[in-house]
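Student: I keep losing the thread when I look at a whole model at once. Please pick the metal site, go over it slowly, and then show me what lies around it.

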Amino acid sequence: MLPASIHVIVRDWLNANHVLFIGPDENVLVDAGYVTHADDTVRLVREQLGGRPLHRLVNTHCHSDHMGGNAAVQRAFGCPIWIPEGEAASIEAWDTRALWIDYAGQRAERFRFDAIIRPGDTLGMGGLHWETIAAPGHDMGAVMFWNPAERILLSGDALWRRGFGVVLPGDGWRERLDAARSTLMRIRALDPRVVIPGHGEPFTDAGAAIDLCLARIEAFEADEARLARCVVKVMLSFALLDLGSLEEVSLPDYLASVPLYGEYDRAWMHLGFDELARTLVDDLARAGAVVRSDGRVVAAASA
Ligand SMILES: [Zn+2]
(Lines give C-alpha, C1' and ligand atoms only; values in the text may rest on other atoms or scores of the structure.)
Protein backbone atom coordinates (compact mmCIF):
# COMPACT_ATOMS: atom_id res chain seq x y z
CA MET A 1 0.00 0.00 0.00
CA LEU A 2 2.90 2.39 0.77
CA PRO A 3 6.36 2.81 -0.82
CA ALA A 4 9.14 1.19 1.22
CA SER A 5 10.64 4.60 2.10
CA ILE A 6 7.55 5.52 4.21
CA HIS A 7 7.39 4.14 7.74
CA VAL A 8 4.19 4.93 9.63
CA ILE A 9 4.59 4.58 13.39
CA VAL A 10 0.97 4.38 14.52
CA ARG A 11 0.55 5.73 18.06
CA ASP A 12 -2.66 6.65 19.89
CA TRP A 13 -4.89 9.65 20.70
CA LEU A 14 -2.42 11.33 23.07
CA ASN A 15 0.46 10.96 20.63
CA ALA A 16 -0.05 11.71 16.95
CA ASN A 17 1.36 9.15 14.50
CA HIS A 18 4.94 9.60 13.35
CA VAL A 19 5.57 9.31 9.64
CA LEU A 20 9.23 8.59 9.04
CA PHE A 21 10.66 8.93 5.54
CA ILE A 22 13.93 7.08 5.13
CA GLY A 23 16.24 7.97 2.24
CA PRO A 24 17.31 8.18 -0.45
CA ASP A 25 18.83 11.59 0.36
CA GLU A 26 17.45 12.61 3.74
CA ASN A 27 15.54 11.06 6.61
CA VAL A 28 12.56 13.14 7.62
CA LEU A 29 10.10 12.76 10.50
CA VAL A 30 6.59 14.18 10.37
CA ASP A 31 5.14 14.92 13.85
CA ALA A 32 6.67 14.19 17.23
CA GLY A 33 3.92 13.10 19.66
CA TYR A 34 3.12 14.29 23.19
CA VAL A 35 5.68 15.58 25.66
CA THR A 36 5.17 13.00 28.42
CA HIS A 37 5.74 10.12 25.98
CA ALA A 38 8.68 11.72 24.20
CA ASP A 39 11.07 8.96 25.39
CA ASP A 40 8.92 6.39 23.58
CA THR A 41 8.86 8.59 20.49
CA VAL A 42 12.64 8.92 20.42
CA ARG A 43 13.05 5.16 20.97
CA LEU A 44 10.55 4.24 18.22
CA VAL A 45 12.11 6.64 15.73
CA ARG A 46 15.64 5.49 16.62
CA GLU A 47 14.63 1.83 16.10
CA GLN A 48 13.26 2.61 12.63
CA LEU A 49 16.29 4.70 11.70
CA GLY A 50 18.62 1.84 12.65
CA GLY A 51 21.68 4.07 13.16
CA ARG A 52 20.91 6.49 10.31
CA PRO A 53 20.68 10.21 11.15
CA LEU A 54 17.46 12.24 11.21
CA HIS A 55 17.81 15.28 8.97
CA ARG A 56 14.56 17.13 9.62
CA LEU A 57 11.43 17.20 11.77
CA VAL A 58 8.32 18.62 10.13
CA ASN A 59 4.94 19.33 11.79
CA THR A 60 1.54 19.14 10.09
CA HIS A 61 0.35 21.60 12.75
CA CYS A 62 1.34 22.67 16.23
CA HIS A 63 -1.02 21.02 18.70
CA SER A 64 0.52 19.35 21.75
CA ASP A 65 -0.03 15.79 20.45
CA HIS A 66 1.97 16.61 17.30
CA MET A 67 4.67 18.99 18.59
CA GLY A 68 4.86 18.30 22.35
CA GLY A 69 7.85 16.02 21.68
CA ASN A 70 9.60 18.34 19.19
CA ALA A 71 12.19 19.57 21.70
CA ALA A 72 13.04 16.00 22.80
CA VAL A 73 13.37 14.79 19.20
CA GLN A 74 15.61 17.74 18.39
CA ARG A 75 17.79 17.01 21.45
CA ALA A 76 18.07 13.32 20.54
CA PHE A 77 18.82 13.73 16.82
CA GLY A 78 20.11 17.31 16.47
CA CYS A 79 17.77 17.97 13.55
CA PRO A 80 16.18 21.27 12.48
CA ILE A 81 12.42 21.76 12.98
CA TRP A 82 10.15 22.96 10.20
CA ILE A 83 6.66 24.21 11.03
CA PRO A 84 3.77 25.58 8.93
CA GLU A 85 3.84 29.33 8.34
CA GLY A 86 0.45 29.74 10.01
CA GLU A 87 1.80 28.36 13.32
CA ALA A 88 4.95 30.47 13.47
CA ALA A 89 3.55 33.44 15.43
CA SER A 90 1.97 31.23 18.15
CA ILE A 91 5.11 29.13 18.53
CA GLU A 92 7.42 32.13 18.50
CA ALA A 93 5.39 33.76 21.30
CA TRP A 94 4.61 30.37 22.91
CA ASP A 95 0.96 31.47 23.07
CA THR A 96 -0.40 28.77 25.36
CA ARG A 97 -3.98 29.79 24.64
CA ALA A 98 -3.72 29.74 20.84
CA LEU A 99 -1.77 26.46 21.10
CA TRP A 100 -4.43 24.89 23.40
CA ILE A 101 -1.81 24.17 26.06
CA ASP A 102 -2.58 25.62 29.55
CA TYR A 103 -5.88 26.89 28.18
CA ALA A 104 -7.08 23.32 27.55
CA GLY A 105 -5.14 21.47 30.28
CA GLN A 106 -2.47 20.16 27.92
CA ARG A 107 1.32 20.14 28.13
CA ALA A 108 4.17 20.61 25.68
CA GLU A 109 7.86 21.48 25.84
CA ARG A 110 8.76 24.80 24.28
CA PHE A 111 10.94 24.54 21.18
CA ARG A 112 12.44 26.84 18.58
CA PHE A 113 11.79 26.26 14.91
CA ASP A 114 14.39 26.61 12.18
CA ALA A 115 12.30 26.99 9.03
CA ILE A 116 8.79 27.68 7.77
CA ILE A 117 6.75 25.60 5.31
CA ARG A 118 4.22 27.44 3.17
CA PRO A 119 1.25 26.08 1.23
CA GLY A 120 2.54 25.56 -2.31
CA ASP A 121 6.02 24.49 -1.17
CA THR A 122 7.26 21.13 -2.40
CA LEU A 123 9.13 18.95 0.09
CA GLY A 124 11.29 15.98 -0.88
CA MET A 125 10.59 13.14 1.54
CA GLY A 126 11.34 9.45 1.01
CA GLY A 127 12.38 9.98 -2.62
CA LEU A 128 8.96 11.49 -3.43
CA HIS A 129 7.80 15.06 -4.03
CA TRP A 130 5.18 16.28 -1.58
CA GLU A 131 3.02 19.33 -2.20
CA THR A 132 2.20 21.37 0.89
CA ILE A 133 -1.53 22.11 0.96
CA ALA A 134 -3.29 24.41 3.45
CA ALA A 135 -5.63 22.39 5.70
CA PRO A 136 -7.47 24.98 7.85
CA GLY A 137 -10.44 24.14 10.10
CA HIS A 138 -9.41 22.16 13.20
CA ASP A 139 -6.27 24.31 13.20
CA MET A 140 -6.34 27.34 10.93
CA GLY A 141 -2.58 27.11 10.30
CA ALA A 142 -2.43 23.37 9.57
CA VAL A 143 -1.05 21.86 6.38
CA MET A 144 -1.22 18.45 4.75
CA PHE A 145 1.26 16.80 2.39
CA TRP A 146 0.24 15.31 -0.97
CA ASN A 147 2.17 13.10 -3.34
CA PRO A 148 0.37 13.11 -6.71
CA ALA A 149 2.40 10.27 -8.26
CA GLU A 150 1.45 7.74 -5.57
CA ARG A 151 -1.76 9.61 -4.58
CA ILE A 152 -0.85 9.49 -0.91
CA LEU A 153 -2.06 12.16 1.52
CA LEU A 154 -0.64 12.93 4.95
CA SER A 155 -3.78 14.50 6.38
CA GLY A 156 -2.74 15.37 9.95
CA ASP A 157 -5.96 16.05 11.90
CA ALA A 158 -7.94 17.28 8.87
CA LEU A 159 -9.22 13.76 8.13
CA TRP A 160 -9.13 10.52 10.08
CA ARG A 161 -10.79 7.20 9.25
CA ARG A 162 -13.75 8.18 11.45
CA GLY A 163 -13.75 11.91 11.97
CA PHE A 164 -11.46 14.92 12.17
CA GLY A 165 -9.87 17.12 14.83
CA VAL A 166 -12.30 19.27 16.85
CA VAL A 167 -13.18 22.75 15.69
CA LEU A 168 -13.62 25.33 18.44
CA PRO A 169 -16.88 27.23 19.01
CA GLY A 170 -16.84 30.96 19.78
CA ASP A 171 -15.79 33.92 17.63
CA GLY A 172 -15.20 32.76 14.06
CA TRP A 173 -16.73 29.31 14.58
CA ARG A 174 -18.68 29.39 11.29
CA GLU A 175 -15.53 30.36 9.39
CA ARG A 176 -13.65 27.50 11.02
CA LEU A 177 -16.38 24.98 10.12
CA ASP A 178 -16.47 26.39 6.56
CA ALA A 179 -12.71 26.00 6.36
CA ALA A 180 -12.91 22.40 7.63
CA ARG A 181 -15.48 21.65 4.93
CA SER A 182 -13.37 23.28 2.20
CA THR A 183 -10.37 21.25 3.33
CA LEU A 184 -12.44 18.04 3.07
CA MET A 185 -13.68 19.05 -0.41
CA ARG A 186 -10.08 19.66 -1.42
CA ILE A 187 -9.19 16.15 -0.24
CA ARG A 188 -12.13 14.73 -2.17
CA ALA A 189 -10.88 16.48 -5.32
CA LEU A 190 -7.39 15.05 -4.81
CA ASP A 191 -8.95 11.57 -4.67
CA PRO A 192 -6.21 9.96 -2.54
CA ARG A 193 -5.42 6.28 -2.91
CA VAL A 194 -4.12 6.14 0.66
CA VAL A 195 -4.59 8.56 3.55
CA ILE A 196 -2.00 8.54 6.34
CA PRO A 197 -3.88 10.29 9.16
CA GLY A 198 -2.51 11.98 12.27
CA HIS A 199 -4.18 9.31 14.39
CA GLY A 200 -5.13 5.71 13.51
CA GLU A 201 -4.00 3.33 10.76
CA PRO A 202 -3.55 4.46 7.15
CA PHE A 203 -6.75 3.88 5.14
CA THR A 204 -7.96 3.77 1.56
CA ASP A 205 -11.66 4.68 1.57
CA ALA A 206 -11.27 8.46 1.86
CA GLY A 207 -14.70 9.05 0.30
CA ALA A 208 -16.60 7.36 3.13
CA ALA A 209 -14.48 9.13 5.75
CA ILE A 210 -15.16 12.51 4.10
CA ASP A 211 -18.93 11.86 3.96
CA LEU A 212 -18.97 11.13 7.69
CA CYS A 213 -17.07 14.34 8.48
CA LEU A 214 -19.28 16.49 6.25
CA ALA A 215 -22.40 15.18 8.01
CA ARG A 216 -20.84 16.00 11.37
CA ILE A 217 -19.97 19.53 10.22
CA GLU A 218 -23.55 20.07 9.11
CA ALA A 219 -24.85 19.00 12.53
CA PHE A 220 -22.43 21.35 14.27
CA GLU A 221 -23.42 24.26 12.02
CA ALA A 222 -26.98 23.94 13.24
CA ASP A 223 -25.98 24.09 16.91
CA GLU A 224 -22.95 25.90 18.33
CA ALA A 225 -23.67 24.50 21.82
CA ARG A 226 -23.38 20.98 20.42
CA LEU A 227 -19.94 21.89 19.14
CA ALA A 228 -19.01 23.26 22.59
CA ARG A 229 -20.19 20.05 24.31
CA CYS A 230 -18.15 17.98 21.88
CA VAL A 231 -15.02 20.06 22.52
CA VAL A 232 -15.21 19.78 26.33
CA LYS A 233 -15.58 15.98 26.05
CA VAL A 234 -12.63 15.73 23.67
CA MET A 235 -10.45 17.96 25.88
CA LEU A 236 -11.28 16.06 29.06
CA SER A 237 -10.68 12.66 27.41
CA PHE A 238 -7.35 13.94 26.16
CA ALA A 239 -6.36 15.29 29.59
CA LEU A 240 -7.28 11.95 31.18
CA LEU A 241 -5.08 10.10 28.69
CA ASP A 242 -2.29 12.42 29.80
CA LEU A 243 -2.96 12.16 33.55
CA GLY A 244 -4.14 8.52 33.54
CA SER A 245 -6.93 9.18 36.04
CA LEU A 246 -8.44 11.82 38.35
CA GLU A 247 -10.31 11.49 41.63
CA GLU A 248 -13.96 12.06 40.75
CA VAL A 249 -14.56 14.37 43.76
CA SER A 250 -11.69 16.57 42.63
CA LEU A 251 -12.93 16.83 39.04
CA PRO A 252 -14.95 20.07 39.59
CA ASP A 253 -11.76 21.73 40.94
CA TYR A 254 -9.80 20.40 37.99
CA LEU A 255 -12.35 21.83 35.55
CA ALA A 256 -12.25 25.18 37.38
CA SER A 257 -8.45 25.24 37.02
CA VAL A 258 -8.49 24.93 33.21
CA PRO A 259 -9.78 28.13 31.53
CA LEU A 260 -11.58 26.44 28.62
CA TYR A 261 -14.15 24.63 30.80
CA GLY A 262 -15.34 27.71 32.70
CA GLU A 263 -15.52 29.79 29.53
CA TYR A 264 -17.52 27.15 27.69
CA ASP A 265 -19.81 26.48 30.62
CA ARG A 266 -20.60 30.17 31.03
CA ALA A 267 -21.22 30.60 27.30
CA TRP A 268 -23.08 27.42 26.35
CA MET A 269 -23.78 24.92 29.09
CA HIS A 270 -24.66 26.87 32.24
CA LEU A 271 -24.22 23.87 34.55
CA GLY A 272 -21.58 24.95 37.07
CA PHE A 273 -18.48 22.83 37.69
CA ASP A 274 -20.16 20.15 39.88
CA GLU A 275 -22.90 19.39 37.39
CA LEU A 276 -20.54 19.79 34.43
CA ALA A 277 -18.16 17.23 35.97
CA ARG A 278 -21.00 14.75 36.59
CA THR A 279 -22.47 15.14 33.09
CA LEU A 280 -19.08 14.85 31.43
CA VAL A 281 -18.12 11.67 33.26
CA ASP A 282 -21.56 10.14 32.55
CA ASP A 283 -21.25 10.95 28.85
CA LEU A 284 -17.65 9.76 28.56
CA ALA A 285 -18.41 6.55 30.48
CA ARG A 286 -21.36 5.86 28.17
CA ALA A 287 -19.09 6.41 25.16
CA GLY A 288 -16.50 4.01 26.63
CA ALA A 289 -13.81 6.71 26.87
CA VAL A 290 -13.52 6.48 30.68
CA VAL A 291 -14.42 4.05 33.46
CA ARG A 292 -15.26 4.84 37.08
CA SER A 293 -13.08 2.83 39.44
CA ASP A 294 -12.59 3.24 43.24
CA GLY A 295 -13.74 6.84 43.15
CA ARG A 296 -11.48 7.67 40.24
CA VAL A 297 -12.22 8.50 36.65
CA VAL A 298 -9.82 6.44 34.57
CA ALA A 299 -9.04 6.93 30.88
CA ALA A 300 -10.26 3.75 29.14
CA ALA A 301 -6.96 3.38 27.27
CA SER A 302 -5.06 3.21 30.59
CA ALA A 303 -7.69 1.18 32.52
ZN1 LIG B 1 -4.65 18.77 16.22
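What follows is one walk, from the metal site out to the spaces and helices.

Tutor: Before we start, this is a predicted model, so local features need pLDDT of at least 70 and side-chain atom pairs count only at pLDDT 80 or more, while totals for chains, interfaces and linings use all residues. Residues are numbered from 1 along each chain as its sequence is written, and side-chain values use heavy atoms, with hydrogens and water left out.

Let's begin at the zinc ion. Its protein donors are His 61 through NE2, His 63 through ND1, His 138 through NE2 and Asp 157 through OD, at 2.1 to 2.3 Å from the ion. (A donor is an N, O or S atom within 2.8 Å of the metal, or 3.2 Å for Na, K and Ca; water is not among the atoms, so a site may look incomplete.) Read along the chain, the donor residues follow the spacing H-x1-H-x74-H-x18-D. Here is what that does: His 61 sits in the loop between β4 (56-58) and α2 (64-67), and His 138 in the loop between β8 (128-134) and β9 (143-147), so this pair ties together parts that are 77 residues apart in sequence. (Helices are DSSP runs of H or I with at least four residues, strands are runs of E with at least two, and both are numbered from the N terminus.)

How buried are those two? His 61 has a relative accessible area of 1% and is buried, and His 138 is buried too, at 13%. (Buried is under 20% relative accessible area, exposed is over 50%, and partly exposed is in between, using a 1.4 Å probe and protein chains only.)

Now the geometry. The 4 donor atoms make angles of 84 to 179° around the zinc ion, and the site is irregular. (Four donors are tetrahedral if all angles lie between 85 and 135 degrees; four are square planar and six octahedral if opposite donors are over 155 degrees apart and all others between 65 and 115; anything else is irregular.)

Stay with His 138 and Asp 157 for a moment, as both belong to the lining of the largest cavity. Also in that lining are Ala 135, Pro 136, Gly 137, Asp 139, Ala 158, Phe 164, Ala 180, Thr 183 and Leu 184. The volume of this cavity is about 60 Å³, and the count of cavities of 30 Å³ or more comes to 2. (On a 1 Å grid over the protein atoms alone, a cavity is a set of points where a 1.4 Å probe fits but cannot get out; a pocket is an open set with protein on both sides within 12 Å along at least five of seven lines; lining residues have an atom within 4 Å of a point. Points are joined across faces, edges and corners, and a volume is the space filled by probe spheres set on them.)

Next, the open space. The largest pocket has a volume of about 970 Å³. Its lining takes in 36 residues, and nearest its centre are Trp 13, Trp 160, Val 166, Val 234 and Ser 237. Helix α2 turns up again here: α2, α6 (206-221), α7 and α10 (272-286) each supply at least two residues of the lining. The biggest contribution is from α7, with 8 residues.

Ser 237 is a handy residue to follow, as it lies in α7 (residues 224-243). With 18% relative accessibility, Ser 237 counts as buried. Apart from neighbours within four places in sequence, Ser 237 is in contact (heavy atoms within 4.5 Å) with Leu 284 and Ala 289.

Last, go back to β4 and α2, the elements on either side of the His 61 loop. Both are among the elements that cover the buried residues of helix α3, along with β3 (28-30), α1 (38-49) and β5 (81-84). In α3 (residues 70-77), the buried residues are Asn 70, Ala 71, Ala 72, Val 73 and Phe 77. After α3 comes Gly 78, with a positive phi near 65°.

Then there is Cys 79, which is buried at 2% relative accessible area. Cys 79 is in no disulfide, and the nearest cysteine sulfur, in Cys 62, is 14 Å away. In fact the structure holds 0 disulfides (a disulfide being a pair of cysteine sulfur atoms within 2.5 Å). As for Cys 230, its sulfur is 12 Å from the closest cysteine sulfur, in Cys 213, which is too far for a bond. Cys 230 is partly exposed, with a relative accessible area of 24%.
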